[in-house]
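Morning, everyone. Please have the sequence and the structure open while I talk.

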Amino acid sequence: MLERKFYNVLLEWKNKKKQSCLLVKGARQIGKTYIIDLFGRENYKSYIYINFIENPQAKDIFEGELSAEEIYKRISLVMPESKFNEKNTLIFLDEIQECPNARTALKFLALDDRFDVIASGSLLGIRYKEVTSIPVGYEEQIEMHSLDFEEFLWAMGYDKEKIAVLREYFDKKEKVPDAINEKMLALLREYMAIGGMPAVVETFVNTHHFGEVHKIQQMILDSYYDDISKYATNTEKPKVKNAYLSIPKQLSKENKKFQFSIVENKATARKYENSIEWLRDAGFIKMCYNVSTPDFPLNAYEKDNQYKIYSSDIGILVAMYGFDMKKAIIDNTIKGNVKGGIYENLVIDILSKSGHKPSYYRNTDGSLEIEFLITVDAKVVPIEVKANNNSTISLNRLLEKDDIPFGYKLISGNIGINDKKIVMPLYMAMFI
């Protein structure tokens, strides 16, 4: 059984909620159903599970009057074995994107407040237009991700005490013993090849077979393509798929800015902008915007027409390059611009799952570029990613600004400090 941090997020919601339902968003196959189901069974006297794909007839529960009383009455008709214990019942509405009326009903279930309600689904960002009335103020939205690197370490048998020791090196900025550092960098490369999709991680833990891992990743990619075929409009389907398939090429360029000409010769932003929005709303990608100036607040300076696109799971990106890329990553023989792109995707994977929303900075003539900028205590902190321990001219220049307190250089090496520049091994991005 994979341990997930999201379980504690659910516990926190349960303990503090007041007239609100929880809406859990996230891409397909990241483990939403599993962890919510486990939470419901372990924390409530009564647990009612409704899946609108497995049981399409359950949509009838939300036809007609949407008062809480009527909904509970209809649940008892469709599921006569269900039991309602006031203040000790969880109703889990899974794949709620298939029943827009159920999303509307969350307001009335929240106001009633006798029973806890969690809704979850994939492609919620795609299908929100079908909802008659979004229950603003009555649903708390939380995004769930695939396993982060720390959760991957747990799955590989590294307990929280061992990770706490690593955290001490990060906090004290002391050099990690070489043997430990090399082992952690090797585990990070395994995480790059495997990623955080629960079925993929579980397969690797049970078999340690990269071929079996790749098969599961290909199945996930096929399910993504099926989603595009099923849910994108007829005019958008080929554009969405082509934009998604272009990501490995986009990240293999020296300038990682997304270029529509890579998707299709002479393509324009106007033609493909809806396709990019579709991929973002489906949870397939993460977008990172260029800012006009590296100042706080970063989102005030984002350039809407300049962005980089990354896979929302590093293992899925590596699978898109083909099976041989796994060996190159594990053996640490990958070279060139593609190496930089994959390592950038690794870092934004880790940062995003820690709650950051990174931007990047590239000036107009391209003479200064920083891979990522984040905000810490209302200050901008630059992060430069170096798969090797190369020079950091751009980071050095940016650290000359008085209002930037420090910056990170992430490398396949060890810890070191040079004035405001903090050099860290790549895996320590999980502590930022």
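I'll go through a parallel sheet, a helix, a hairpin and then the cores.

One caution before we start: this is a predicted model.

Let's begin with the sheet. Which strands form it, and in what order? Five strands make an open sheet, ordered E2-E3-E4-E1-E5. The pairing is parallel. At the edges sit strand E2, residues 46-51, and strand E5, residues 139-143. Each of those two pairs on one side only. From one strand to the next, the twist averages 20 degrees.

Now look at E4, residues 116-120. Is this strand buried or exposed? Of its 5 residues, 5 are buried, so E4 is largely enclosed by the rest of the structure. For that call, buried means under 20% relative accessible area. Take the two faces in turn. On one side you have Asp116, Ile118 and Ser120, buried. On the other you have Val117 and Ala119, also buried. Both faces are covered.

What does E4 pair with? One partner is strand E1, residues 21-25, joined to E4 by 3 bridges and running parallel to it. Find leucine 22 there: it stands opposite isoleucine 118 in E4. The other partner I want is strand E3, residues 89-94. Here 5 bridges make the join to E4, again parallel. Leucine 93 has alanine 119 in E4 as its bridge partner. Aspartate 94 stands opposite serine 120 in E4.

How does the chain get from E3 to E4? Helix H4, residues 100-112, completes the set: E3, H4 and E4 make a right-handed β-α-β unit. There is also helix H2, residues 32-43. H2 lies across E1, E2, E3 and E4. Against E3, H2 runs at about 165 degrees.

Next, helix H11, residues 237-245. Which of its residues are buried? They are Lys239, Val240, Ala243 and Tyr244. These cover an arc of only 130 degrees around the axis, which puts them on the same side of H11. What do they pack against? The list is helix H10 (210-231), helix H12 (247-250), helix H13 (260-263), helix H14 (269-282), strand E6 (285-291) and helix H15 (314-320).

Zoom in on two of those residues. Alanine 243 sits in H11. Its relative accessible area is 2%, so alanine 243 counts as buried. Leaving aside neighbours within four places in sequence, alanine 243 is in contact with Phe258, Val263, Tyr272, Ile276 and Leu279. Now pick proline 297, 54 residues from alanine 243 along the chain. Their C-alpha atoms are separated by 30 Å.

Then tyrosine 244. Not counting residues up to four places away in sequence, tyrosine 244 touches Leu221, Tyr224, Tyr225, Leu279, Phe284, Ile285, Ile316 and Met320.

While we're in this part, click on histidine 214 in helix H10. Histidine 214 is buried, with a relative accessible area of 14%. Its contacts, leaving aside neighbours within four places in sequence, are Ala319, Gly322, Phe323 and Lys326.

On to the hairpin. Strand E9, residues 369-376, joins strand E10, residues 379-385, through 5 bridges. This pair runs antiparallel. Leucine 373 stands opposite proline 382 in E10. Between the strands of the hairpin there are 2 residues. Check aspartate 377 in this hairpin: it takes a positive phi near 55 degrees.

How enclosed is E10? In this strand, 6 of the 7 residues are buried, so E10 is largely enclosed by the rest of the structure. E10 also pairs with strand E11, residues 407-411, through 3 bridges, and these two run parallel. Glutamate 384 has lysine 409 in E11 as its bridge partner. With helix H18, residues 393-398, E10 and E11 make a right-handed β-α-β unit.

Last topic: the nonpolar cores. How many residues are in the largest one? It has 109. Those with the most contacts inside it are Ile118, Phe149, Tyr244, Trp278 and Ile342. Which element gives the largest share? Helix H17, residues 336-353, does, with 8 residues. A second, separate core has 27 residues, including Cys21, Ile96, Ala119 and Leu124.

Back to E4 for a moment. Ile118 is among the residues with the most contacts in the largest core. Ala119 belongs to the second, separate core. Those two residues sit on opposite sides of E4.

That's it. Questions, please.

Conventions: Residues are numbered from 1 along each chain as its sequence is written. This is a predicted model: local features need pLDDT of at least 70, side-chain atom pairs count only at pLDDT 80 or more; totals for chains, interfaces and linings use all residues. Side-chain values use heavy atoms; hydrogens and water are left out. Buried means under 20% relative accessible area, exposed over 50%, partly exposed in between (1.4 Å probe, protein chains only). Helices (H or I, at least four residues) and strands (E, at least two) are DSSP runs, numbered from the N terminus. Two strands pair if DSSP finds at least two bridges between them. A crossover is right-handed if, with the strands pointing away from the viewer, the path from the first strand over the helix to the second runs clockwise. The arc is that of the directions from the helix axis to the C-beta atoms. Contact means heavy atoms within 4.5 Å. Axes are lines fitted to C-alpha atoms, for helices over the stretch in contact, and angles run from 0 to 180 degrees between N-to-C directions. A nonpolar core is a set of buried Ala, Val, Leu, Ile, Met, Phe, Trp, Tyr and Cys residues joined through side-chain atoms within 4.5 Å.
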